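Me: I should like to learn how to read the features of a protein model, with a worked case for each. Could we begin once the structure is displayed?

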Amino acid sequence: MGGKGASRWRMRVIVLGGDRAEFGVLADAVHEVTALRIEEVREPPASVAGAGRDYLRGVTTGALIVLDGAALLADQRLFIERDEDATV
């Protein structure tokens with residue numbers, strides 16, 4: 001994947017983990033990494049409804065969406081069971 005046009009294939013993986021559970025999100029690009037204080041995160045607006053709301057920690061006044069990593073790691077539907085002896 002090196003050489004001409006290689007930057008087109010550069011992606012980032014955002015990994016969440018707790019104890020042994022790990023969850024990765026493949027992102028085409030990361031535009032900014034921001035440290036937030038918990039006071040900066042507001043409750044999600046009432047217009048956000050459904051199952052997706054369970055994964056939402058809140059939003060900032062700058063309209064950044066903050067996901068709840070613990071909720072993502074707790075949802076077994078997001079994990080694929082595989083044999084630990086299997087090779088990838």
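Reply: Helices and strands are here DSSP runs, numbered from the N terminus, with at least four residues for a helix and at least two for a strand. The model is predicted.

Me: Which elements each supply at least two residues of the lining of the largest pocket?

Reply: A lining residue has an atom within 4 Å of a pocket point. In this model, strand E1, strand E2 (21-27), strand E4 and helix H1 (69-74) each supply at least two such residues. E4 gives the most, with three residues.

Me: What volume does the largest pocket have, and which lining residues are the closest to its centre?

Reply: The volume of the largest pocket is about 640 Å³. Its lining comprises 18 residues, of which Ile-14, Glu-32, Ile-65, Val-66 and Leu-67 are the closest to the centre.

Me: How does E4 pair with strand E3?

Reply: Two strands pair if at least two bridges are found between them. E3 (residues 56-59) and E4 (residues 65-67) are joined by three bridges in the antiparallel sense. One of the bridge partnerships links Val-59 with Ile-65 of E4. Five residues separate the strands of this hairpin, and Ala-63 adopts a positive phi near 70°.

Me: Where does Ile-14 lie, and which nonpolar surface patch includes Ile-14?

Reply: Ile-14 belongs to strand E1 (residues 12-18). Together with Val-25, Val-30 and Val-33, Ile-14 makes a nonpolar surface patch of about 350 Å².

Me: Why can Ile-14 be counted in a patch?

Reply: Patch residues need over 30% relative accessible area. Ile-14 passes this cut-off because its relative accessible area is 43%, which makes Ile-14 partly exposed.

Note on methods: Residues are numbered from 1 along each chain as its sequence is written. This is a predicted model: local features need pLDDT of at least 70, side-chain atom pairs count only at pLDDT 80 or more; totals for chains, interfaces and linings use all residues. Side-chain values use heavy atoms; hydrogens and water are left out. Patches are made of residues with over 30% relative accessible area and no salt bridge: like charges are joined within 9 Å, nonpolar side chains (Val, Leu, Ile, Met, Phe, Trp, Tyr) within 5 Å. Accessible areas come from the Shrake-Rupley method with a 1.4 Å probe; for residues, only the protein chains shown count as cover. A salt bridge is a side-chain nitrogen of Lys or Arg within 4 Å of a carboxyl oxygen of Asp or Glu. Buried means under 20% relative accessible area, exposed over 50%, partly exposed in between (1.4 Å probe, protein chains only). On a 1 Å grid over the protein atoms alone, a cavity is a set of points where a 1.4 Å probe fits but cannot get out, and a pocket is an open set with protein on both sides within 12 Å along at least five of seven lines; lining residues have an atom within 4 Å of a point. Grid points are joined across faces, edges and corners, and a volume is the space filled by probe spheres set on the points.
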